[in-house]
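I sat down with this one and a cup of coffee, and kept short notes on what I looked up. Here they are, in the order I made them.

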Amino acid sequence: MGVREGTTRGAGPTIALIDVLCVCTGNVCRSPMLEVMLDAALRARGVDARVHSAGVWEPGHAASAHSASEVADRGLDLSGHRSRVIDTDLVERADLVLALAREHVREVAGLVPAAFGRTFTIKELVRRGREVGPRAEGESLADWLAAVGRGRTAATYLRADPDDDVADPIGGPRSQYARTAVELESLALALASLLDPPALESLSLDFGSAHPS
């Protein structure tokens, strides 16, 4: 897994590197947008993380034009993105897998069953994280995820649910991508605050300054 030795920020310890894998179907719309938005949000809070993405379809495709435009409007860049397909190595190395829908949780857990405990839909993780409370200073990511995931069962993921699934805008108009982008932006900021609550609230969360292109 990707957790490394802690470094210091002020007087308190923080995680030096966490590996976060975002997963959707084609890796051309939802997961690339979440990847760059979450990366920006974590960087703004001083969290050293490797945020990357993959899909379950086929490799080599550029991000969809509307996805690229939506993140560009936020000062982020998907021009170099090319889709890839999840594999055992990607999942095993990830400290946290963020699925964009329940079907992707099933895909990840089917590939690496042991990863179920660290694989959540982004909406599910934010919702459960708010119920449990943010990660305490000094608490490991694994321990926080265990608390957040307490009581989960695989059977939950056999059907789709709008409470857990981010709608796929593929093939839709720009307005549909815009709605997805707004939702993902809010989720990325919320998750960053849950993962790193000690971060200074005065830090800018402007995406353009947090993730230079």
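**Entry 1, a buried asparagine.** I started at Asn27, which is buried at a relative accessible area of 0%; buried means under 20% relative accessible area, exposed over 50% and partly exposed in between, with a 1.4 Å probe and protein chains only. Asn27 sits in the loop between strand E3 (18-23) and H1. Helices (H or I, at least four residues) and strands (E, at least two) are DSSP runs, numbered from the N terminus. Most residues other than glycine have a negative phi. Asn27 is not a glycine, yet its phi is positive, about 60°.

**Entry 2, ground rules.** I noted that this is a predicted model, where local features need pLDDT of at least 70, side-chain atom pairs count only at pLDDT 80 or more, and totals for chains, interfaces and linings use all residues. Residues are numbered from 1 along each chain as its sequence is written, and side-chain values use heavy atoms, with hydrogens and water left out.

**Entry 3, confidence.** pLDDT is the predictor's confidence in each residue, from 0 to 100. I found a mean of 88 for the protein, with 85% of its residues at 70 or more. Over residues 1-16 pLDDT stays under 50, and the model has 35 contacts for them beyond four places in sequence; contact means heavy atoms within 4.5 Å. Residues 199-213 also stay under 50, with 30 such contacts.

**Entry 4, cysteines.** How many disulfides does the structure hold? I got 0, counting a disulfide as a pair of cysteine sulfur atoms within 2.5 Å. Why is Cys22 without a bond? The closest cysteine sulfur, in Cys24, is 9.1 Å from that of Cys22, so it is too far away. Cys29 is in no disulfide either, with the nearest cysteine sulfur, that of Cys24, 6.9 Å away. I also checked burial: Cys22 is buried at 0% relative accessibility, and Cys29 is buried at 3%.

**Entry 5, helix H1.** I counted 14 of the 15 residues of H1 as buried. The end C-alpha atoms of H1 are 21 Å apart, in agreement with the 21 Å expected, which is 1.5 Å times one less than the number of residues. Gly46 follows H1 with a positive phi, near 80°.

**Entry 6, helix H5.** The buried residues of H5 (residues 122-132) include Ile122, Leu125, Val126 and Gly129. Among the elements covering the buried residues of H5, I listed helix H1 (30-44), strand E5 (96-99) and helix H7 (174-195). Just after H5, Gly133 has a positive phi of about 110°.
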